[in-house]
Amino acid sequence: MSKRTVYFNGQFVPESEARVSIFDSALMYGDMAFEMTRTYNRRPFKLRAHLERLFRSLRLLEIDCGLTLDEMERVTLDTLERNLPTESADMDWQIMHDVSRGPLGIYRTAFPEGVQPTVSINCWPLITHMGGFAANYQSGIHVVIPAQQAVPAHLIDPKAKNRSRLHYQMANLQAARMGEKRWPLLLDPDGFFAEGTGWNIFLVKNGELLTPEPRNILLGVSRATVIELACQLGIPVRETNLSRYEGLDADEMFVTATTFALVHATTFEGQQVGDGRPGPVFNQLLKAWKEHVGIDFVAQADNYAMRLPAWESQTT
Ligand SMILES: Cc1ncc(COP(=O)(O)O)c(C=O)c1O
């Protein structure tokens, strides 16, 4: 039985008691915004940037979560604080914010206390996510282009981190049919790279770092971190339109997201990227990221991978 605590609509409740109604707009429409932050050394990484993005998403969705940014930050830190003692001191965490419009108005009679947005914050030990991911840091990943396209900004702006994610799931299913461990990179309607189903993409060509223009993509906090680190390291960065052609011609390719930070691609569309190993620009950025957060998160993931079976059998 989990000892974890969840922030749920203004209260702290045991994780097992946090329940969303079947009448919630999130279930009806995927009508909600969310965020995923992680900790390094048990301190949230760029929490403020994640929360600012959450509030921008909510503005687009026209949902008032009833908390200010400062209040959201305070309850997030409080939720984390309550959960830290449930694991050993070397455990890092993912912190998930989920905000939906709440139960649909036509069902309001089922809610005598009134209908409000559903706001939850949960913390989950990173051992499951990162223990399962660890091998990818060594093997690299295989990026493929699925038939499914990205939803462009003029339809639903992907800058708002929302859970209308059926197109990502379709892309995942298509990539899985293309082979094991295939990571789908969605194209926008003009045939340019958009993003993966939970990550942003970077190429390196002749020492220059290239990434899609910030148009039809989620503006990843990790993407911004890579750009910042590259600037500090004197690596030139350019946001530009990229297509399959540039992908096949790249010296290096890697992807970024909050949980794993960055991981290199060994193949793109079935062809080897560079010499199939992490390239020099990627290696510089990985080293800089580890220094920036003060922990070797690759070694940590390996350690989690070893401990994962015991952790899972203890906690089930
Ligand atoms: C569609 C999509 N793109 C990119 C990212 C990476 O964003 P971040 O670096 O903020 O985790 C995510 C993260 O979940 C995502 O869902």
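**Pockets, a cavity and a ligand**

Visitor: How do the residues of the lining of the largest pocket divide into nonpolar, polar and charged?
Guide: In this predicted model, the lining of the largest pocket holds 16 nonpolar, 19 polar and 8 charged residues. Gly counts as polar in this division.

Visitor: What volume does that pocket have, and which residues are closest to its centre?
Guide: The largest pocket holds about 900 Å³ of space. Its lining is made up of 43 residues, and those closest to the centre are Lys-161, Arg-165, Thr-197, Gly-198 and Trp-199. Among the elements that give two or more residues to this lining are strand E3 (32-40), helix H2 (47-61), strand E9 (193-196) and helix H7 (221-233), while H6 gives the most, with 4 residues.

Visitor: Why is the largest pocket said to lie between domain 1 and domain 2?
Guide: Residues of domain 1 (5-125) and of domain 2 (133-299) both belong to its lining, and therefore the pocket lies between the two.

Visitor: What makes a residue one of those that surround the ligand, and which are the closest?
Guide: A residue counts if one of its heavy atoms lies within 4 Å of the ligand. By that test 16 residues surround the ligand, with Lys-161, Glu-195, Val-221, Ser-222 and Thr-258 the closest.

Visitor: Why are the pairs that Lys-161, Arg-165 and Ser-222 form with the ligand called polar contacts?
Guide: The cut-off for a pair of N or O atoms is 3.5 Å. A polar side-chain atom of Lys-161 is 2.5 Å from an oxygen atom of the ligand, a side-chain N or O atom of Arg-165 is 2.9 Å from a ligand oxygen, and for the side chain of Ser-222 the value is 2.5 Å. Each pair falls within the limit, so each is a polar contact. As for cover, the ligand on its own has 380 Å² of accessible area, of which the protein covers 95%.

Visitor: What is known of the second largest pocket?
Guide: Its volume is about 280 Å³, and of its 16 lining residues Phe-8, Asn-9, Phe-111, Glu-113 and Thr-118 lie nearest the centre. The lining of this second pocket divides into 7 nonpolar, 6 polar and 3 charged residues.

Visitor: What makes a space a cavity and not a pocket?
Guide: In a cavity the 1.4 Å probe fits but cannot get out, whereas a pocket is open. By this rule there are 4 cavities of 30 Å³ or more. The largest cavity holds about 60 Å³, and its lining includes Asp-188, Phe-192, Pro-212, Arg-215 and Leu-242. That lining has 6 nonpolar, 3 polar and 3 charged residues.

Conventions
Residues numbered from 1 in each chain as written. Predicted model: local features only at pLDDT ≥ 70, side-chain atom pairs only at ≥ 80, totals over all residues. Heavy atoms only, no water. 1 Å grid on protein atoms, 1.4 Å probe; cavity = no way out; pocket = protein on both sides within 12 Å on 5 of 7 lines; lining within 4 Å. Points joined across faces, edges and corners; volume = space filled by probe spheres on them. Domains from an automatic or database assignment. Polar contact = N/O pair within 3.5 Å; in protein donor to acceptor, adjacent residues only side chain to side chain. Areas by Shrake-Rupley, 256 points an atom, 1.4 Å probe, with all protein chains shown as cover.
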